[in-house]
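Colleague: Before I study this entry, I should like to take you through a series of questions about it. Please set out the reasoning behind each reply.

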Amino acid sequence: MIPAAIGLAGVLVGGLIQLFSANLIASLQRKHRLADEADARSREETRIESERNFVRAVLARHLEGFARKCADAMWQNGNPEVDGAAAPPDFPKWPNVEWELLGANEMLRVRDIEVRVSILRDSTEGSVVYGASHLEEARTYYAEGAATIGLEALRLAEQLRFEAGADPFRCPEQGANYAKALEEHIAEVHERTRLAEERRAARLER
């Protein structure tokens, strides 16, 4: 009986070892499979984020080009050697990008500027029609409208560059700095408005 018991114990121990080994192998295989799946998801997320950032960069460059056209209109209206008045440019057609990569919220935030530009252009035209009594006043209104629109486009482009992890746009030291020109023009408009309001308030106090 003793040899039989020993043999049975050996069989049981062998079975337990075999079962333990099988479970260990299965557990290791599962861990490796989960790790591979996580790596695959990470690679896919990295690929999608890279494509998303590329879309942001393309849109930023598009907006910067539009902002420069706005600056050109602003400069033309301030140049006494140029005849006539230059209205702010129409918003250009969007580049062909995969908008769905941005998600609904970001896509709407970006594309809202197209509507804002349309509203600002209409407001500028209204100011010219109802507020300008001569060409120079029309040029002043058009320059302000172009600068306002251009600066909005530039600010959105800066935000998109930041979100894409791209370097900010830097104007060359030689040549006109259209970004700085837009900012300075709007600052001058705000200062003129502030001074006019102060003078108006002073007259009312008399």
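The exchange below concerns a predicted model.

Colleague: How many helices and how many strands are there in the chain, and which pattern does the chain follow along the sequence?

Modeller: The chain has four helices and zero strands. Read along the sequence, the pattern is therefore written with helix symbols, as the helices and strands are DSSP runs numbered from the N terminus. That pattern is α-α-α-α.

Colleague: In which helix is confidence lowest, and in which is it highest?

Modeller: Over the chain, the mean pLDDT is 85, and 85% of the residues reach 70 or more. Helix 1 has the lowest confidence, with a mean of 77. The highest, at 94, belongs to helix 3.

Colleague: What is the geometry of the pair formed by the rings of phenylalanine 66 and phenylalanine 91?

Modeller: The count of aromatic pairs comes to four. For phenylalanine 66 and phenylalanine 91, the ring centres are 5.0 Å apart and the planes stand at 65°. Ring centres within 6.5 Å make a pair, and planes over 60 degrees apart count as edge-to-face. The pair is therefore edge-to-face.

Colleague: Which parts of the chain does this pair link, and how many residues apart are its two members?

Modeller: Phenylalanine 66 belongs to helix 1 (residues 2-78). Phenylalanine 91 lies in the loop between helix 1 and helix 2 (103-131). The pair thus links distant parts of the chain, its members being 25 residues apart.

Colleague: Is phenylalanine 66 buried or exposed, and what of phenylalanine 91?

Modeller: The relative accessible area of phenylalanine 66 is 1%, and that of phenylalanine 91 is 14%. A residue is buried when this value is under 20%. Therefore phenylalanine 66 is buried, and phenylalanine 91 is buried.

Colleague: What kind of aromatic pair do phenylalanine 91 and tryptophan 94 form?

Modeller: Both phenylalanine 91 and tryptophan 94 are buried. Their rings lie 4.8 Å centre to centre, with 55° between the planes. Because planes from 30 to 60 degrees apart fall in neither the stacked nor the edge-to-face class, this pair is tilted.

Colleague: Which residues do ring pairs link into a cluster, and over which ring does the charged end of arginine 111 sit?

Modeller: Ring pairs join Phe66, Phe91, Trp94 and Trp99 into a cluster. The charged end of arginine 111 is 4.8 Å from the centre of the ring over which it sits. That ring is the ring of tryptophan 99.

Colleague: How is helix 2 oriented relative to helix 3, roughly parallel or roughly antiparallel?

Modeller: The axes of helix 2 and helix 3 come within 8 Å and cross at roughly 170°. Angles over 145 degrees count as roughly antiparallel. Helix 2 is therefore roughly antiparallel to helix 3.

Colleague: How many nonpolar, polar and charged residues are in the contact of helix 2 with helix 3?

Modeller: Sorting the contact of helix 2 with helix 3 by class gives eight charged and six polar residues. The nonpolar residues in this contact number twelve.

Colleague: Is glutamate 158 buried, exposed or partly exposed?

Modeller: Glutamate 158 is placed in helix 3. Its relative accessibility is 39%, and a value between 20% and 50% counts as partly exposed. Glutamate 158 is therefore partly exposed.

Key
Residues are numbered from 1 along each chain as its sequence is written. This is a predicted model: local features need pLDDT of at least 70, side-chain atom pairs count only at pLDDT 80 or more; totals for chains, interfaces and linings use all residues. Side-chain values use heavy atoms; hydrogens and water are left out. Rings of Phe, Tyr and Trp (its six-membered ring) pair if their centres lie within 6.5 Å; planes under 30 degrees apart count as stacked, over 60 as edge-to-face and the rest as tilted. Buried means under 20% relative accessible area, exposed over 50%, partly exposed in between (1.4 Å probe, protein chains only). A charge sits over a ring if NZ of Lys or CZ of Arg is within 6 Å of the ring centre and within 35 degrees of the ring normal. pLDDT is the predictor's confidence in each residue, from 0 to 100. Axes are lines fitted to C-alpha atoms, for helices over the stretch in contact, and angles run from 0 to 180 degrees between N-to-C directions. Angles under 35 degrees count as roughly parallel, over 145 as roughly antiparallel, 65 to 115 as roughly perpendicular and the rest as oblique. Ala, Val, Leu, Ile, Met, Phe, Trp, Tyr, Cys and Pro count as nonpolar, Asp, Glu, Lys and Arg as charged, and the others, Gly among them, as polar.
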